[in-house]
Amino acid sequence: MHRRILAVAACFALAACGSGETATTTMHQQHAPVAAETTSSAPATTAFDVTVQGGSVVPASSVRPVQLGKPVRITIVSDEDDEVHVHGYDKKATLKAGQQATLEFTADQPGVFEVELHHQDLLLLQLQVS
C-alpha cells in the first residue's frame with residue numbers, strides 16, 4: 001500500500017514538472033516571433049500605387065506620410081505616355097501608356113516632396129518624410 005502511495009505521488013510530481021516545462025516552452029514560442037520581428041534588419045517598404053486616367057489621379061493626390069530612412073516604392077500606371085518625377089530625390093521614370101512604372105528609393109531626406117507627371121503637369125501625390 002505504501003508503495004502505491006509513493007508511485008501515485010511520483011506520478012503527480014512528474015506531471016507537475018511536465019506541465020511547468022510545457023508552459024515555459026509555450027511562453028517562449030509565443031515571444032519568439034516578436035523578437036524576430038524587432039531584430040529584422042530589412043525595414044518595411046512604404047508603397048503607393050497611383051493610376052492616371054483621363055487627366056485624373058486615383059487615388060486623388062494627397063500628402064502621404066513616410067518615415068525617414070524607410071524604403072519607398074511608387075507604382076504608376078497612366079493612360080498616356082509621360083515622365084514621372086520625384087522632386088528633391090531627382091528620381092524619374094518613363095511611363096508608357098497602359099504599362100506600369102515603378103520608382104524605388106530610400107526616404108533619406110526630411111521634408112515634403114512632390115511626385116508629378118511632367119508632360120501633363122499633374123501632381124500625383126506629395127511625400128511627407130519625417
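## Exercises on a predicted β-strand model

Aspartate 90 is placed in the loop that runs between β5 and β6, where strands (E, at least two residues) are DSSP runs numbered from the N terminus. The model is a predicted one, in which local features need pLDDT of at least 70 and side-chain atom pairs count only at pLDDT 80 or more, while totals for chains, interfaces and linings use all residues. Residues are numbered from 1 along each chain as its sequence is written, and side-chain values use heavy atoms, with hydrogens and water left out.

**Exercise 1.** Describe the backbone and the surroundings of aspartate 90, and then those of histidine 85.

*Solution.* Begin with the backbone: phi of aspartate 90 is near 50 degrees, which is a positive value in a residue other than glycine. Next, take the accessibility, for which buried means under 20% relative accessible area, exposed over 50%, and partly exposed in between (1.4 Å probe, protein chains only). With a relative accessible area of 56%, aspartate 90 is exposed. Then turn to histidine 85, which lies in strand β5 and, at a relative accessible area of 8%, is buried. The side chains of histidine 85 and aspartate 90 make a polar contact at 3.2 Å; such a contact is a pair of N or O atoms within 3.5 Å, and within protein one must be able to donate a hydrogen and the other to accept it, residues adjacent in sequence counting only if both atoms are side-chain atoms. Finally, when residues up to four places away in sequence are not counted, histidine 85 touches, among others, Lys92, Glu114 and His118, a contact being heavy atoms within 4.5 Å.

**Exercise 2.** Where does aspartate 121 lie, and is this residue buried or exposed?

*Solution.* Aspartate 121 is found in the loop between β8 and β9. Its phi is positive, about 50 degrees, although the residue is not a glycine. The relative accessible area of aspartate 121 is 61%, so the residue is exposed.

**Exercise 3.** How many aromatic pairs are there, and which residues form a cluster?

*Solution.* First apply the rule: rings of Phe, Tyr and Trp (its six-membered ring) pair if their centres lie within 6.5 Å, with planes under 30 degrees apart counted as stacked, over 60 as edge-to-face and the rest as tilted. The count comes to two aromatic pairs. One of them joins tyrosine 89 and phenylalanine 105, a tilted pair with 4.8 Å from centre to centre and 40 degrees between the planes. Because tyrosine 89 lies in the loop between β5 and β6 and phenylalanine 105 in strand β7, this pair ties together parts that are 16 residues apart in sequence. Both tyrosine 89 and phenylalanine 105 are buried, and ring pairs link Tyr89, Phe105 and Phe113 into a cluster.

**Exercise 4.** Which members of the largest nonpolar core touch the most other members?

*Solution.* A nonpolar core is a set of buried Ala, Val, Leu, Ile, Met, Phe, Trp, Tyr and Cys residues joined through side-chain atoms within 4.5 Å. The largest such core has 25 residues, of which Ile74, Val84, Val86, Val115, Leu124 and Leu127 touch the most other members. Among the strands that each supply at least two residues of this core are β1 (46-53), β4 (71-78) and β9 (122-129), and β9 provides the largest share, five residues. Isoleucine 74, leaving out residues up to four places away in sequence, touches residues including Phe48, Val86, Phe105 and Leu127.

Note on methods:
Helices (H or I, at least four residues) and strands (E, at least two) are DSSP runs, numbered from the N terminus.
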